[in-house]
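Q: Please pick one part of this protein and take me through it closely. I'd like to know what surrounds it, what it is tied to, and how it fits with the rest of the chain.

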Amino acid sequence: NKDLRKISSNYIAEKNCKGNAIGGLSVGEPAEEMYEMTDVVCSILPEDKPRYLMGVGTPINIIENISLGVDMFDCVIPTRNARNGMLFTSNGTINIKNKKWENDFSILDENGTSYVDKAYTKAYLRHLFASGELLGKQIATLHNIRFYLWLMEQAREQIAKDTFSSWKNKMVKKLDIRL
């Protein structure tokens, strides 16, 4: 409810806290509604205090919410999805359990910045998942966590260069691809 969000945000803004949390926006509503409510809340909360969006989200959700004024996030998506075989990469999302990766001996992410991105192939990681080896889940988790860190580093760099908006639009298109 937009009116209740405004009332709550004004109340919280008056408290002059060191930072402000925004909750209740990742519980199944469409992403566009989340963005609309985040925009409403961020237009009220102080710009000079950190804004923390709880429980969000996908790489696209994160960069869209950064553009609305959010500074911090937390979410189980990178680790939970990794344990289920979903890898977030700089070129889109991979379900490593798909048979199409069985003979793909390319590295996990050509632009990846972690050790596992360069040390292991898609075929090997798929093999680990297919055979039930826990190492597969560990590698995928390390990859996804580092991908999220890379995404935030890139966002910070683009903000500093005042090119965030154009970068965000390009990244949303790339990240929306299912490989």
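A: The part taken up here is helix α3 (residues 59–68), and the rest of the chain follows from there.

A quick word on ground rules: this is a predicted model, where local features need pLDDT of at least 70 and side-chain atom pairs count only at pLDDT 80 or more, while totals for chains, interfaces and linings use all residues. Residues are numbered from 1 along each chain as its sequence is written, and side-chain values use heavy atoms, with hydrogens and water left out.

First, where α3 sits in the layout. The protein has eight helices and five strands (DSSP runs numbered from the N terminus: H or I of at least four residues for helices, E of at least two for strands). Reading from the N terminus, the order is α-β-α-β-α-β-α-β-β-α-α-α-α.

Now the helix itself. Eight of the ten residues of α3 are buried, so the rest of the structure largely encloses this helix. Buried here means under 20% relative accessible area, exposed means over 50%, and partly exposed is in between (1.4 Å probe, protein chains only). The buried set in α3 is Pro59, Ile60, Asn61, Ile62, Ile63, Glu64, Asn65 and Ile66. What do they pack against? The partners of these buried residues are α2 (31–42), β2 (51–54), β3 (72–74), β4 (86–89), α7 (134–160) and α8 (164–175); contact is heavy atoms within 4.5 Å.

Both flanks of α3 have something odd in the backbone. Ahead of the helix, the loop between β2 and α3 holds glycine 57, and the peptide bond from valine 56 to glycine 57 is cis, with omega near 0°. Behind the helix comes glycine 69, with a positive phi near 115°. For background, most residues other than glycine have a negative phi, and most peptide bonds are trans.

Glutamate 64 deserves its own paragraph. Its side chain makes a salt bridge with lysine 168, and the closest N and O atoms are 2.9 Å apart (a salt bridge is a side-chain nitrogen of Lys or Arg within 4 Å of a carboxyl oxygen of Asp or Glu). The pair joins distant parts of the chain, since glutamate 64 is in α3 and lysine 168 in α8, 104 residues apart. Are these two partners buried or exposed? Glutamate 64 counts as buried because its relative accessibility is 17%, and lysine 168 counts as buried too, at 10%.

Stepping out from α3, the whole structure has five salt bridges. Another of them pairs lysine 2 with glutamate 36, with the closest N and O atoms 3.0 Å apart. That one also links distant parts, from lysine 2 in helix α1 (residues 2–14) to glutamate 36 in α2, 34 residues apart. Lysine 2 is partly exposed at 33%, and glutamate 36 is partly exposed at 36%. Then there is glutamate 102 with lysine 99, where the closest N and O atoms are 2.7 Å apart; glutamate 102 is partly exposed at 33%, whereas lysine 99 is exposed at 57%.

Over in strand β5 (residues 92–95) is threonine 93, which is buried at a relative accessible area of 7%. Apart from neighbours within four places in sequence, threonine 93 touches Met86, Leu87, Phe88, Leu175, Ile177, Arg178 and Leu179.

Two more loops have positive phi values in residues other than glycine. Asparagine 16, in the loop between α1 and β1 (20–22), has phi near 55°, and this residue is exposed at 56%. Aspartate 162, in the loop between α7 and α8, has a phi of about 60° and is exposed at 71%.

Finally, the whole protein. Buried residues make up 42% of the 179 residues. Of the contacts with a separation of 6 or more, 56% are between residues 24 or more positions apart. The C-alpha trace spans about 55 × 35 × 25 Å along its principal axes. To come back to the main point, α3 is largely enclosed by the rest of the structure, and the bridge from glutamate 64 to lysine 168 links α3 with α8.
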